[in-house]
Protein chains: 2
Amino acid sequence: MTEPREKQGSNTQRAVEQLRDLIFSGVLAGGSNHLETELAEMLGMSRTPVREAAVLLEAQGLLELQPRRGVRIQPVSVDDMREIYEVLTELESLAAANAAAAGYSDADLSGLDAAVTAMEESIEADDLETWAKADEMFHRELVRLGKNSRVVTIAAMMSDQVRRARQTTLHMRAMPSRSNEDHRAVLNAIRGGDAVEARRIHREHRERAKNEIIGLLEKYRILSL
Amino acid sequence: MTEPREKQGSNTQRAVEQLRDLIFSGVLAGGSNHLETELAEMLGMSRTPVREAAVLLEAQGLLELQPRRGVRIQPVSVDDMREIYEVLTELESLAAANAAAAGYSDADLSGLDAAVTAMEESIEADDLETWAKADEMFHRELVRLGKNSRVVTIAAMMSDQVRRARQTTLHMRAMPSRSNEDHRAVLNAIRGGDAVEARRIHREHRERAKNEIIGLLEKYRILSL
DNA sequence: GCACTCATTTGCGTATGCGTTAAAGTTCGC
DNA sequence: GCGAACTTTAACGCATACGCAAATGAGTGC
């Protein structure tokens, strides 16, 4: 349940990072199979650390080890998306409620505020890429403020599982004005110490986000990513 | 995010199972350190599969790999318990609501019913061990009925993290009559298709369970397990 | 007695090679 | 031509060994 060990420079750690990058970017496509030896060559190291990285990434739900068929990159179907968003909705809403109950000062909430502001600016500038980064920052900061390290870890895991799909669909979506109103409203509820309202708003926000991305996948007949 | 690979009889799989048993039973005590070589000897295999098992169990939050200090069994503090129960409460309540909305038949709910009945019987018989098993079965079946595989996996992980503590405190607690009334009420709400009620009852049930076990730890000055 | 330096020990991350076995390919019979 | 049986190939799980570096212990000087 820990983050990958902070083994600065170990080959396993490097393999984890590089494999993640390859998975999120789609270079290693959802559903594709790759032998351990192939990946070891790709990453320029022996099979042992690659295998160890794969075990870890399997536990994170990003891939599946299939003996004699190699490492299968876990595709994410529409149903997977539903599941993932369901978990995120529950746990982030909990975090929002906890954050509201925590009595944070304005300084404590500056990270959230900065993310919302960055999103507002990127919407004005029509810059979806920057918006996406700020969006991610908002959600990460939100769960951090909820002060449950397990929620932080699980939410990160779920976000990772859905990352490729979000990246792939980013430019298919409308400019997320409504989304950011929600973010601002959640932040205000937290600032005002209203746990019930923070939870409610965030839940509705996440439900909308789920429906939007699933709607895109269905519209464009994307069965899985 | 997958269950450990179903590699029947592989040393890694065996190591995972045996280490889990040792951890849950307290033989490998929370906070204790064990070298990979020591564990390899204990399990009668070479270090490679032991290390692979440890990587996996680290990802499940049961232990931590500390270079040169070995494998540290993750102790569970009162704060950890709070976190774990918070996650379980959210996700199981979601599962209860989903199960209620799913329109299950009586046959579909027979597993839940059997668990509740077994608990009632073991309460009559003053048999806490049997009650604990039935309790676990109830919770597992509940999340299964919620039909979100990720919730199933996360809930299992959280339950594992708290397993030693529950086992250790089992005989310190009162006979759980109220607990089982809750179980019966949740089942009835699910049977009646009332998602809001199922969620509410289960949430209160889990809150009570959390407060009870934490109360025990604090009463007996048990700082961590 | 304490702090510093150097030498030794040892634990781990990794590379390599071997044995097992599943999968792929080939051959033969109908 | 198709299916079954046999053979070959190769991927993986694992054991072993090696090199690196962190930790420990010993010795010396103040």
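In the predicted model, the hairpin formed by E2(B) and E3(B) has 3 residues between its strands, and within this hairpin Arg68(B) takes a positive phi near 70°. The two strands of the hairpin, strand E2 (residues 63-66) and E3(B), run antiparallel and are joined by 4 bridges. Two facing pairs help to place the strands by eye: Gln66(B) has Gly70(B) as its bridge partner in E3(B), and Glu64(B) stands opposite Arg72(B).

Strand E3 (residues 70-73) of chain B also has a neighbour in strand E1 (residues 33-34) of chain B; these run antiparallel too, with 2 bridges joining them. Here Arg72(B) appears once more, as the bridge partner of Asn33(B). Arg72(B) can therefore be used as a landmark when tracing the strands of chain B, because it is partnered with Asn33(B) and stands opposite Glu64(B). As background for such tracing, strands of a sheet pair through backbone hydrogen bonds, either parallel or antiparallel.

Attention now turns to chain A. In what order do the 3 strands of its open sheet lie? The order is E1-E3-E2, with antiparallel pairing. At the edges are strand E1 (33-34) and strand E2 (63-66) of chain A, each of which pairs on one side only. On one side of the sheet order, E1(A) and strand E3 (residues 70-73) of chain A are paired in the antiparallel sense over 2 bridges, and Asn33(A) stands opposite Arg72(A) in E3(A). Helix H3 (residues 47-59) of chain A packs on this sheet, where it touches E2 and E3 of chain A. The direction of the helix makes about 125° with that of E2(A).

The pairing of E2(A) with E3(A) is likewise antiparallel and runs over 4 bridges. Within that pairing, Glu64(A) stands opposite Arg72(A). The hairpin of E2(A) and E3(A) has 3 residues between the strands, and Arg68(A) takes a positive phi near 75° there.

The last part of the picture is the contact of the two chains. How many residues does each chain bring to it? Chain B gives 35 residues and chain A gives 35 residues. The size of an interface is often given as the accessible area lost when the parts come together. For chain B and chain A the buried area is about 3200 Å², and carbon and sulfur atoms give 52% of it.

Charged and polar groups also take part. There are 8 salt bridges between chain B and chain A. One salt bridge is made by the side chains of Arg150(B) and Glu83(A), at 3.0 Å from N to O. Polar contacts between chain B and chain A amount to 18 residue pairs, counting those with both residues at pLDDT 80 or more.

Which helices of chain B each supply at least two residues to the side that touches chain A? They are helix H3 (47-59), helix H4 (78-101), helix H7 (149-161) and helix H10 (195-219). The largest share of that side comes from H4(B), with 9 residues. Sorted by class, the side of chain B that touches chain A holds 14 nonpolar, 8 polar and 13 charged residues.

Notes. Residues numbered from 1 in each chain as written. Chains lettered and ligands numbered in written order. Heavy atoms only, no water. Contact = heavy atoms within 4.5 Å. Buried area = accessible area lost by both parts, 1.4 Å probe. Salt bridge = Lys/Arg side-chain N within 4 Å of Asp/Glu carboxyl O. Polar contact = N/O pair within 3.5 Å; in protein donor to acceptor, adjacent residues only side chain to side chain. Nonpolar A, V, L, I, M, F, W, Y, C, P; charged D, E, K, R; others polar. Pairing = 2+ DSSP bridges. Axes fitted to C-alpha atoms, helices over the stretch in contact; angles between N-to-C directions.
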